[in-house]
Amino acid sequence: MSALESPGWSVRPGFAPHTPTSPVRLVFDETGLTQLAGVYPESLLTPWESISSLELVRSARTMALFATVGGVRFRWQNASLEDFEDLRALVLARGGLVRRRRRRAGAVVVVLVVLLASSAGTLAALFGHSNDELGLVRRANLGLADLPPGFAAVGASVLSYVTSLPGQVITSTPTSAPPAGSDFARAARAFQSCLGVSNAVDRVYGRAGQLPDYQVSSSVFTSNDQGGVQVASIAQYYASTDMVARDVAEMSRAGFGACFARSNADMLVSGVSGTFASLTGGTSFTPSTYARAWARGGVVTLRLPGVVVPLHLVMVVTAAGHYELTLAALVARWPSTRGLVSDLVNTLKVRMIAPSASSAA
């Protein structure tokens with residue numbers, strides 16, 4: 001094969017200790033993948049035999065390349081689609097997967113990097129035009145000011161397995177079904193079996209789902225309190241309140257919270273380990289809040305490679321008007337962190353029904 005050189009990337013986590021994470025130029029040839037990182041590039045060659053689980057993911061205007069090297073899952077992100085078709089052919093030739101990002105593939109989870117040994121109301125009247133809508137979506141997410149003292153925003157995170165980059169705007173775009181053997185497709189089937197819905201009628205992962213006009217993620221915030229906590233949120237704005245109401249109807253089914261948490265945990269653990277998790281268990285969780293808005297959630301226990309203690313992934317979706325906001329936390333201790341999660345869900349609820357209470361991120 002002739003060499004393919006592609007500029008404009010960033011990488012998370014750093015591909016080697018103390019190396020820059022941007023700008024990155026990737027060079028693919030018969031030997032392997034060479035990464036040229038930094039303004040004064042440092043060259044790092046990885047042979048193809050050391051690379052596994054290649055995956056290329058396209059969204060509306062960006063693309064991401066995933067690969068596992070030495071047991072670590074890396075993500076390269078590019079704001080341009082210029083080289084997508086060439087990369088698509090290369091990844092498929094190497095036995096990898098190519099897919100478009102689907103709506104719930106960006107569902108937010110929170111990853112406890114500090115514990116990883118290996119790495120670290122009605123809203124219709126509020127919106128006048130698209131710029132106003134996007135601005136409100138951006139401000140709906142959690143910011144550092146919403147959190148107790150001791151929290152800080154983190155950069156590199158295995159959160160990239162299941163969420164878009166912080167602040168990145170994802171707009172509605174047609175999608176195609178992911179490959180049947182992909183982790184996302186497997187997690188979708190597990191969710192549908194758990195909830196008792198078919199793919200044809202499922203609005204969370206299935207064919208009945210509708211894309212939001214805008215989707216934006218918050219930063220990831222971490223604290224060493226309670227043995228380690230990380231939290232993040234994602235805000236979605238839908239064109240009509242009926243779309244949200246239809247989603248809420250499905251998400252109000254008994255067991256949704258546990259099924260949703262488990263499916264996201266499947267994708268998270270699979271991304272870290274390289275093997276599909278197929279988790280079991282989990283319980284539903286409804287946070288205690290004073291703000292009036294719909295919310296359902298769940299919690300599931302999981303284990304990550306290199307982490308000696310079990311972790312608890314908490315996923316909560318709240319909705320009102322045109323909005324669906326999702327909060328998640330991966331915590332070392334549960335249910336002692338239940339109060340914190342409930343408080344943060346209440347913050348998101350207030351933000352949906354009182355837009356003056358915007359995040360001061």
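**Figure 1. Gln 192 and Asp 202 are joined through their side chains by a polar contact of 2.9 Å.** The view is taken from a predicted model. Gln 192 sits in helix α3, which spans residues 183-195. A polar contact of 3.0 Å also links the side chain of Gln 192 to that of Asn 199. Beyond four places in sequence, Gln 192 touches Val 197, Ser 198, Asn 199, Asp 202, Tyr 205 and Gly 206. Gln 192 has a relative accessibility of 7%, so the residue counts as buried. Phe 256 is 64 residues away from Gln 192 in sequence, yet the two C-alpha atoms are 9.8 Å apart.

**Figure 2. Phe 184 and Tyr 205 belong to one aromatic cluster with Phe 191, Phe 256 and Phe 260.** The model contains seven aromatic pairs. Phe 28 and Trp 48 form one of them: the ring centres are 6.4 Å apart and the planes meet at 20 degrees, so this pair is stacked. Phe 28 lies in strand β2 (residues 24-28), and Trp 48 lies in the loop between β4 (42-47) and β5 (51-58). The two residues are 20 apart in sequence, and their pairing links distant parts of the chain. Relative accessible area is 2% for Phe 28, which is buried. Trp 48 is buried as well, at 10%. Within the cluster, Phe 184 and Tyr 205 make an edge-to-face pair, with 5.5 Å between centres and 65 degrees between planes. This pair also connects distant parts of the chain: Phe 184 is in helix α3, while Tyr 205 is in the loop between α3 and β11 (214-217), 21 residues away. Both Phe 184 and Tyr 205 are buried.

**Figure 3. Arg 58 lies over the face of Phe 84.** The distance to the ring centre is 5.1 Å.

**Figure 4. His 312 makes a side-chain polar contact with Thr 301.** The contact distance is 3.1 Å. His 312 belongs to strand β16, residues 311-320. Its relative accessible area is 14%; His 312 is therefore buried, the cut-off being under 20%. Leaving out neighbours within four places in sequence, the contacts of His 312 include Val 299, Val 300 and Thr 301. A run from Ala 329 through Leu 330, Val 331, Ala 332 and Arg 333 to Trp 334 is also in contact with His 312.

**Figure 5. Gly 143 is buried, at 0% relative accessibility.** Gly 143 is in the loop between α2 (130-140) and β9 (152-154). Ser 218 is 75 residues from Gly 143 along the chain. The C-alpha atoms of Gly 143 and Ser 218 are 7.2 Å apart.

**Figure 6. Cis peptide bonds precede Pro 23 and Pro 335.** Most peptide bonds are trans. The bond between Ser 22 and Pro 23 has an omega of about -10 degrees. Pro 23 is in the loop between β1 (4-12) and β2. For Trp 334 and Pro 335, omega is about 20 degrees. Pro 335 is in the loop between β17 (323-331) and α6 (338-353). Trp 334 is also among the contacts of His 312.

**Figure 7. Ser 53 and Gln 226 have positive phi values.** Most residues other than glycine have a negative phi. Ser 53 lies in strand β5, with phi near 55 degrees. Its relative accessibility is 36%, so Ser 53 is partly exposed. Gln 226 has a phi of about 55 degrees. Gln 226 is in the loop between β12 (220-223) and β13 (229-237). Its relative accessible area is 25%, which makes Gln 226 partly exposed.

**Figure 8. Model confidence averages a pLDDT of 82 over the protein.** Scores of at least 70 cover 81% of the residues. Among the elements, helix α4 (residues 241-251) has the highest mean pLDDT, 96. Strand β10 (residues 169-171) has the lowest, 76. Over residues 102-129, pLDDT stays under 50. The model has 109 contacts beyond four places in sequence for residues 102-129. Where pLDDT is low, predicted coordinates should not be read in detail. The whole protein has six helices and 17 strands. Of its 361 residues, 53% are buried. The exposed area is about 14600 Å², with 52% supplied by carbon and sulfur atoms.

How values were computed:
Residues are numbered from 1 along each chain as its sequence is written. This is a predicted model: local features need pLDDT of at least 70, side-chain atom pairs count only at pLDDT 80 or more; totals for chains, interfaces and linings use all residues. Side-chain values use heavy atoms; hydrogens and water are left out. pLDDT is the predictor's confidence in each residue, from 0 to 100. Helices (H or I, at least four residues) and strands (E, at least two) are DSSP runs, numbered from the N terminus. Contact means heavy atoms within 4.5 Å. Buried means under 20% relative accessible area, exposed over 50%, partly exposed in between (1.4 Å probe, protein chains only). A polar contact is a pair of N or O atoms within 3.5 Å; within protein, one must be able to donate a hydrogen and the other to accept it, and residues adjacent in sequence count only if both atoms are side-chain atoms. Rings of Phe, Tyr and Trp (its six-membered ring) pair if their centres lie within 6.5 Å; planes under 30 degrees apart count as stacked, over 60 as edge-to-face and the rest as tilted. A charge sits over a ring if NZ of Lys or CZ of Arg is within 6 Å of the ring centre and within 35 degrees of the ring normal. Accessible areas come from the Shrake-Rupley method with a 1.4 Å probe; for residues, only the protein chains shown count as cover.
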